[in-house]
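Here are some short exercises to try with the structure open in your viewer. Work through each task, then compare your steps with the solution below it.

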Amino acid sequence: MINVHDDKALIELFKQALWEVDRKQVESVDLNAKISELGIDSVATFELIGFLEEQLELQFSDEQVASVQSLGDLAKVIRANA
């Protein structure tokens with residue numbers, strides 16, 4: 001299982017998730033990146049979150065998901081549920 005406290009590991013997982021749900025390949029991304037700036041729509045965003053929940057065997061509340069604006073926010077949600 002991935003170390004959710006390792007920023008680099010989470011970034012790699014985010015990149016994999018982007019590829020899996022929307023065939024988007026990003027070379028350079030960091031935790032400050034806004035999800036809206038990644039070029040995916042709201043449906044793909046929910047699919048990305050679902051992919052992460054499945055890969056990490058976690059479940060996020062609707063309130064947590066609604067608060068996510070950046071990859072850093074998403075990392076905080078992941079870490080809070082790990």
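**Exercise 1. Find which backbone nitrogen lies 3.1 Å from a polar atom of the side chain of Ser 70, and place Ser 70 in its surroundings.**

Solution. Keep in mind that this is a predicted model.

- Step 1: The nitrogen belongs to Asp 73, whose backbone N lies 3.1 Å from a polar side-chain atom of Ser 70.
- Step 2: Look for another such partner: the side chain of Ser 70 also reaches the backbone nitrogen of Gly 72, at 3.3 Å. It is a side-chain oxygen of Ser 70 that comes to within 3.3 Å of this nitrogen, at the start of helix 4.
- Step 3: Locate Ser 70 along the chain: the loop between helix 3 and helix 4 holds this residue.
- Step 4: Decide whether Ser 70 is buried or exposed. Its relative accessibility is 9%, and the cut-off for buried is under 20%, so Ser 70 counts as buried.
- Step 5: List its neighbours, setting aside residues up to four places away in sequence: Ser 70 touches Leu 31, Asn 32, Ala 33, Lys 34 and Ile 35.

**Exercise 2. Work out which residues of helix 4 are buried, and what covers them.**

Solution.

- Step 1: Helix 4 spans residues 71–81.
- Step 2: The buried residues in helix 4 are Leu 71, Gly 72, Leu 74, Ala 75, Val 77 and Ile 78.
- Step 3: Their cover includes helix 1, helix 2 and helix 3 (62–66).
- Step 4: Take Leu 74 as an example. Leaving aside neighbours within four places in sequence, Leu 74 is in contact with Phe 14, Leu 48, Ile 49, Leu 52 and Val 68.
- Step 5: Now widen the view to the largest nonpolar core, which has 30 residues. Leu 74 is among those with the most contacts inside this core, along with Phe 14, Leu 48, Leu 52, Leu 71 and Ile 78.
- Step 6: Helix 1 (7–22), helix 2 (42–56) and helix 4 each supply at least two residues of the core, and the largest share, 7 residues, comes from helix 1.

**Exercise 3. Describe how helix 1 packs against helix 2 and against helix 4.**

Solution.

- Step 1: Two packed helices are described by the angle between their axes and the distance between the axes.
- Step 2: For helix 1 and helix 2, the angle is about 125° and the axes are 9 Å apart. The two helices are therefore oblique to each other, and helix 1 passes helix 2 in a right-handed crossing.
- Step 3: Residues of helix 1 in this interface include Leu 13, Phe 14 and Ala 17, while those of helix 2 include Leu 48, Phe 51 and Leu 52.
- Step 4: For helix 1 and helix 4, the angle is about 110°, with the axes 11 Å apart. Angles of 65 to 115 degrees count as roughly perpendicular, so that is how helix 1 lies relative to helix 4.
- Step 5: Asp 7, Leu 10 and Phe 14 of helix 1 meet Leu 71, Leu 74, Ala 75, Ile 78 and Arg 79 of helix 4.

**Exercise 4. Find which side chain a polar contact of 2.5 Å joins to that of Arg 79, and describe the setting of Arg 79.**

Solution.

- Step 1: The partner is Asp 7.
- Step 2: Arg 79 lies in helix 4 and is partly exposed, with a relative accessible area of 24%.
- Step 3: Beyond residues up to four places away in sequence, Arg 79 touches Val 4, His 5, Asp 6, Asp 7 and Leu 10.
- Step 4: Compare sequence and space: Arg 79 and Val 4 are 75 residues apart along the chain, and their C-alpha atoms are separated by 6.1 Å.

Definitions and conventions. Residues are numbered from 1 along each chain as its sequence is written. This is a predicted model: local features need pLDDT of at least 70, side-chain atom pairs count only at pLDDT 80 or more; totals for chains, interfaces and linings use all residues. Side-chain values use heavy atoms; hydrogens and water are left out. Helices (H or I, at least four residues) and strands (E, at least two) are DSSP runs, numbered from the N terminus. Buried means under 20% relative accessible area, exposed over 50%, partly exposed in between (1.4 Å probe, protein chains only). Contact means heavy atoms within 4.5 Å. A polar contact is a pair of N or O atoms within 3.5 Å; within protein, one must be able to donate a hydrogen and the other to accept it, and residues adjacent in sequence count only if both atoms are side-chain atoms. A nonpolar core is a set of buried Ala, Val, Leu, Ile, Met, Phe, Trp, Tyr and Cys residues joined through side-chain atoms within 4.5 Å. Axes are lines fitted to C-alpha atoms, for helices over the stretch in contact, and angles run from 0 to 180 degrees between N-to-C directions. Angles under 35 degrees count as roughly parallel, over 145 as roughly antiparallel, 65 to 115 as roughly perpendicular and the rest as oblique. A crossing is left-handed if the near helix is turned anticlockwise from the far one by less than a right angle, and right-handed if clockwise.
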